[in-house]
Amino acid sequence: MLFDLFGTLVHYDAGRVSQSFPETYQFLQGLTGPTESPDYNSFLAQTERVFGELDAWSQAERREFSMQDFAKRLLRELGVEATSNLLDQFSDLYTKEWSADVTAVTGVHAFLSRCAKKFTTGVITNTHYEPMVTKLLAGKSLKPFEIVTTSVTHGRPKPHADIFLDTLASLGIPPGEAVYVGDNYRADYLGATQAGLICYLIGQHARVPREFQIPTVLDLPMHLFR
C-alpha cells in the first residue's frame, strides 16, 4: 500500500507564495542589503516566476528540480553568488515557512497503523526538498514507512512510471500487487495506473471509474483489509 503525501495524508496549500515568508525575506535582505533587495511583493512575484520557469523545464524534460536549483537561480538574478551552504539555508527557511500550516488528515495515524498490520507501506511524493518531507513525516507523527521515495532524490517526478516501478522494485513487489492512493488525476492516477498499479483517487474525477474515487484516504474499500 503506497501513498501520496500532500493532499492525501496531509492537508496543505499548494501555492508557492500564498503562505507568509518573513524569515526567508529577511534572510534575502541580509544577503543583498535592504536597499538592493526587492520589496516583499516583488520578492513573491519573482519567486512565482522562477518556480514557473523551472516547472516548465521539469515538464519538458520529465526531470525534477531541487530547491537548491530554485534558490541558485533566484539569488543569481539578485547578484548573489550563493555557496552550497547559503543555498541550503535558503531552502530550509523557505520550505519551513511554506509548510508551517500543513496538518495531518484527522484520523490518519490510526488508519496507517491499521494498514501496517496488513500491508507493506510506503510513500511516493513529488517534492523539491527531501529534508522537508522527512521533517513533516516526523513532525506530524506519521508512522515510519518501509520506503519513502521523493521525486527530487529519484530524479523523475510523478506521473513518470519509473518513480512507481523503482519504488516497487526496491520492495520486491510487482505492480499488479500494489495499491496507490493519491489526490491528483495526472500525477497520481495516470502515473500509477500506467505503471500497472491499482489507484484510488481522493475526490470526484470525471475520468476515474467511480469505484476508484474515495472522499478521503480513510475511505479505502473495506475489502482491501479482509
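This note covers the nonpolar cores, the sheet and one helix pair of a predicted model.

1. Basis. Local features require pLDDT of at least 70 and side-chain atom pairs pLDDT 80 or more, whereas totals for chains, interfaces and linings use all residues. Numbering starts from 1 along each chain as its sequence is written, and side-chain values use heavy atoms, with hydrogens and water left out.

2. Main core. The largest nonpolar core (buried Ala, Val, Leu, Ile, Met, Phe, Trp, Tyr and Cys residues joined through side-chain atoms within 4.5 Å; buried means under 20% relative accessible area with a 1.4 Å probe, protein chains only) has 53 residues, of which F3, L5, L9, F111, L142 and L220 touch the most other members. Helix 4 (helices being DSSP runs of H or I with at least four residues, strands runs of E with at least two) gives the largest share, six residues.

3. Second core. Apart from that core lies another, of 15 residues, including L2, F164, Y185 and C199.

4. Sheet. Six strands, paired in parallel, form an open sheet in the order 5-4-1-6-7-8, where pairing requires at least two DSSP bridges between two strands. Strand 5 (147-150) and strand 8 (213-214) are the edge strands; four bridges join strand 4 (residues 122-125) to strand 5, and G122 has I147 as its bridge partner in strand 5.

5. Helix pair. Helix 1 and helix 4 pack with their axes 8 Å apart, at an angle of about 155 degrees, which makes the two helices roughly antiparallel (over 145 degrees; axes are lines fitted to C-alpha atoms over the stretch in contact, and angles run from 0 to 180 degrees between N-to-C directions).

Technical notes:
Buried means under 20% relative accessible area, exposed over 50%, partly exposed in between (1.4 Å probe, protein chains only). Angles under 35 degrees count as roughly parallel, over 145 as roughly antiparallel, 65 to 115 as roughly perpendicular and the rest as oblique.
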